[in-house]
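Here is a short report on how one protein chain packs. Have the sequence and the 3D view open as you read.

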Amino acid sequence: MIKVETDVERNLLTVTYCGHVVPSDFDRAMGDLQTALGHLPPGFRLLTDLGGLESMDFSCAPLVDTVMDLTNARGVSEVVRIVPDPKKDIGFRVMSYFHYGKDVNIVTCETMEEATRALAE
């Protein structure tokens with residue numbers, strides 16, 4: 001499952017990946033993402049939560065690339081990623097080098113508490 005949430009007051013987009021993610025999970029999520037991006041001005045921050053992720057099919061990689069490209073094109077300024085176990089990173093860190101500009105600050109945290117502190121700075 002993929003859940004997309006927007007907090008306009010905090011200029012924050014949250015994308016949560018949980019359970020076993022397959023390509024069809026991106027169908028609705030992409031529409032939700034497009035809608036959410038329409039409510040946020042450039043300079044927004046992205047919180048990517050992998051805390052509940054059990055696994056993701058390898059065939060989802062191009063779709064994750066698309067999410068990164070869309071948020072980058074819309075003007076994301078910071079990406080805060082929750083990765084409780086380095087094994088759950090599943091390539092997000094490496095893909096970030098290719099899909100986000102050098103001006104995008106990327107922070108990886110182990111917990112939501114750490115991510116909340118990072119977003120407060």
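The report covers the cores, two helices, a few single residues and the cysteines.

This is a predicted model, in which local features need pLDDT of at least 70 and side-chain atom pairs count only at pLDDT 80 or more, while totals for chains, interfaces and linings use all residues. Residues are numbered from 1 along each chain as its sequence is written, and side-chain values use heavy atoms, with hydrogens and water left out.

**Cores**

In soluble globular proteins, nonpolar side chains tend to be buried together. A nonpolar core here is a set of buried Ala, Val, Leu, Ile, Met, Phe, Trp, Tyr and Cys residues joined through side-chain atoms within 4.5 Å. Buried means under 20% relative accessible area, exposed means over 50%, and partly exposed lies in between (1.4 Å probe, protein chains only). Helices (H or I, at least four residues) and strands (E, at least two) are DSSP runs, numbered from the N terminus.

The largest nonpolar core has 29 residues. Leu13, Tyr17, Val21, Phe26 and Met56 have the most contacts inside it. Two or more residues each come from E1, E2, helix H1 (25-38), E3, H2 and H3. H1 gives the largest share of this core, six residues. Apart from it lies another core, of eight residues, including Leu12, Ile82, Cys109 and Ala115.

Contact means heavy atoms within 4.5 Å. Leaving aside neighbours within four places in sequence, Val21 is in contact with Met1, Ile2, Phe26, Leu53, Ser55, Met56, Asp57 and Cys60.

A pair of aromatic rings is described by the distance of the centres and the angle of the planes. Rings of Phe, Tyr and Trp (its six-membered ring) pair if their centres lie within 6.5 Å; planes under 30 degrees apart count as stacked, over 60 as edge-to-face and the rest as tilted. The structure holds one aromatic pair. The ring centres of Tyr17 and Phe26 are 6.3 Å apart and the planes stand at 45°, so this pair is tilted. Tyr17 and Phe26 are both buried.

**Two helices**

An α-helix has 3.6 residues a turn, so residues three or four places apart point the same way. Arcs are taken from the directions from the helix axis to the C-beta atoms.

In helix H4 (residues 112-120), the buried residues are Ala115, Ala118 and Leu119. They fall within an arc of 95° seen down the axis of H4, so they line one face of the helix. The face turned away from this buried side carries the exposed residues Glu113, Arg117 and Ala120. The buried residues of H4 pack against strand E2 (12-21), strand E3 (45-56), strand E4 (78-82) and strand E5 (105-109).

In H3, Phe92, Met95, Ser96 and His99 are buried. These cover an arc of only 115° around the axis, which puts them on the same side of H3. Tyr97 and Phe98 are exposed on the other side. The buried residues of H3 pack against E2, E3, H2, E4 and E5.

**Single residues**

Three residues can be set side by side.

| Residue | Element | Relative accessible area |
|---|---|---|
| Arg74 | helix H2 (residues 61-74) | 29%, partly exposed |
| His99 | helix H3 (residues 92-99) | 16%, buried |
| Thr16 | strand E2 | 16%, buried |

Which side chain shares a polar contact with His99? Asp69 does, at 2.6 Å. A polar contact is a pair of N or O atoms within 3.5 Å; within protein, one must be able to donate a hydrogen and the other to accept it, and residues adjacent in sequence count only if both atoms are side-chain atoms. Beyond four places in sequence, His99 is in contact with Asp65, Met68, Asp69 and Asn72.

Arg74 and Leu37 are 37 residues apart in sequence, but 7.1 Å apart in space, C-alpha to C-alpha.

Asn11 sits in the loop between strand E1 (2-7) and E2. Its phi is near 55°, a positive value in a residue other than glycine. Most residues other than glycine have a negative phi.

**Cysteines**

A disulfide is a pair of cysteine sulfur atoms within 2.5 Å. By this rule the count is zero. The sulfur of Cys18 has its closest cysteine sulfur in Cys60, 13 Å away, too far for a bond. Cys60 is buried, at 0% relative accessible area.
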